[in-house]
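Work through the exercises below with the sequence and the model open. Try each task before you read its solution.

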Amino acid sequence: MRRSSVALWALMGGGAALAVASSLMPGRHSQVEASVSAALNELPPAKETTPAGPTLAASARDSLLDALTGPSPRLRFLAALALSRVRHPAAEAELARVLAEDPSVLWRLEAAYALARAGRPEGLSTLVEALGARRRNVRLEAARSLASLGDPRGAKVLRAAMELNSMRLGAAEALAVLKDPGALAVLRSVLASGSQENRLRAAAALGRLGDPSGIELLRSIVAAGQVDLAGASALMLLGDEAGRPALEVALTRTALRVPAALALRLANATPDLTGLASVIAEGDELARMTAAEAMLILADADSACETL
């Protein structure tokens, strides 16, 4: 699942340096499973609501703009990443500054991804250039970002990573977005004979691509109350509402609400947004930012949404 920038900050305490570890190393789903599963019984029945109007999206933008002009470099960067979804000029200017000036290559890659997602050519060219970096984690981050954007130029890097046992499944998850036959074969092999955790990862990755091969496994995990975010997203994208309760719970969690919002948006679901509105109005700084980004995803029809 393509990481959201703000969610990574919330989980890791800042920066994109662990983005590759969260996406290409085993066990990435276990970080979110306990949080989601523990709250399933607390969730009230889902209710359908009408789509949010411009007012909710405007309040989200205002909250992010406050952070973008604030004193904290960290919050300015996160606000710029979020506002780049709606191609806000001030956000793109801040990301362009980071791209040109920041000493951290992984911060620059994060800025490049957001700019590329917004259609800015300098973002895409930076990601392509990074495919030739000396550091493997930089090459992998660039390749995974490109794959999430539908660009196949990093496929060679991901195929090389699939040759390493420790990275095989994670690289296949990223490369499968491009419908790469080798990556799909790895996922189906793991689904057939891997460990329970890896089978779930493979089932979720295939499900997000519309392949229902692992849907019974995903449903069995739902029935046991052990849904993780990736599995719940896959079920929703397969048209199975059994994944919705976990995503509704995730919208209440600072570190999970942005990827949950992406899954709900891509599944054409319409969750109740009053909780997000309350967090934007009353939450702490980081909670407000993740809620505002999730609100943009769900309430602004023009916001950019990457592949999960």
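**Exercise 1. Locate Asn268 and describe its backbone and its exposure.**

Solution.
- Step 1: place. Asn268 sits in the loop between helix 17 and helix 18. The model is a predicted one.
- Step 2: backbone. Asn268 comes just after helix 17. Its phi is positive, about 60 degrees, although Asn268 is not a glycine.
- Step 3: background. Most residues other than glycine have a negative phi.
- Step 4: exposure. The relative accessible area of Asn268 is 69%. Exposed means over 50%, so Asn268 is exposed.

**Exercise 2. Find Arg87, which is not a glycine, and state the sign of its phi.**

Solution.
- Step 1: place. Arg87 belongs to the loop between helix 5 and helix 6 (89-101).
- Step 2: backbone. Its phi is positive, about 55 degrees.
- Step 3: exposure. Arg87 has 40% relative accessibility and counts as partly exposed.

**Exercise 3. Decide how far helix 17 is enclosed by the rest of the structure.**

Solution.
- Step 1: list the buried residues. In helix 17 they are Arg257, Val258, Pro259, Ala260, Ala261, Leu262, Ala263 and Leu264.
- Step 2: compare with the length. Eight of the ten residues of helix 17 are buried, so this helix is largely enclosed by the rest of the structure.

**Exercise 4. Sort residues of helix 18 (residues 274-282) into buried and exposed, and explain the pattern.**

Solution.
- Step 1: buried residues. Leu276, Val279 and Ile280 are buried in helix 18.
- Step 2: geometry. Viewed down the axis of helix 18, the buried residues fall within an arc of 100 degrees, so they line one face of the helix.
- Step 3: the general rule. An α-helix has 3.6 residues a turn, so residues three or four places apart point the same way.
- Step 4: the other side. Thr274, Ala281 and Glu282 are exposed there.
- Step 5: the cover. The buried residues of helix 18 are covered by elements including helix 4 (54-68), helix 17 (257-266) and helix 19 (285-299).

**Exercise 5. Identify the residues with the most contacts inside the largest nonpolar core, then trace the contacts of Leu64.**

Solution.
- Step 1: the core. The largest nonpolar core has 96 residues. Leu64, Leu95, Leu187 and Leu247 have the most contacts inside it.
- Step 2: the main contributor. Helix 19 supplies the largest share of this core, eleven residues.
- Step 3: contacts of Leu64. Set aside its neighbours within four places in sequence. Leu64 then contacts Ala79, Ala82, Leu83, Met289, Ala292, Glu293 and Leu296.

**Exercise 6. Search the whole structure for aromatic pairs and say what they connect.**

Solution.
- Step 1: count. The search finds one aromatic pair.
- Step 2: geometry. Phe77 and Trp107 form the pair, at 4.5 Å centre to centre with 5 degrees between the planes. Planes under 30 degrees apart count as stacked, so this pair is stacked.
- Step 3: connection. Phe77 is in helix 5 (residues 73-83) and Trp107 in helix 7 (residues 105-117), so the pair ties together parts that are 30 residues apart in sequence.
- Step 4: burial. Phe77 counts as buried, at 1% relative accessibility.

**Exercise 7. Describe the surroundings of Ala116.**

Solution.
- Step 1: place. Ala116 lies in helix 7. It counts as buried at 13% relative accessibility.
- Step 2: contacts. Leaving out neighbours within four places in sequence, Ala116 touches Gly123, Leu124, Leu127 and Leu149.
- Step 3: distance. The C-alpha atoms of Ala116 and Thr126 are separated by 9.0 Å.

Methods
Residues numbered from 1 in each chain as written. Predicted model: local features only at pLDDT ≥ 70, side-chain atom pairs only at ≥ 80, totals over all residues. Heavy atoms only, no water. Buried < 20%, exposed > 50% of the residue type's maximum accessible area, 1.4 Å probe, protein only. Helix = DSSP H or I, 4+ residues; strand = E, 2+ residues; numbered from the N terminus. Arc of directions from axis to C-beta. Contact = heavy atoms within 4.5 Å. Core = buried A, V, L, I, M, F, W, Y, C linked by side-chain atoms within 4.5 Å. Phe/Tyr/Trp six-rings, centres within 6.5 Å; stacked < 30°, edge-to-face > 60°.
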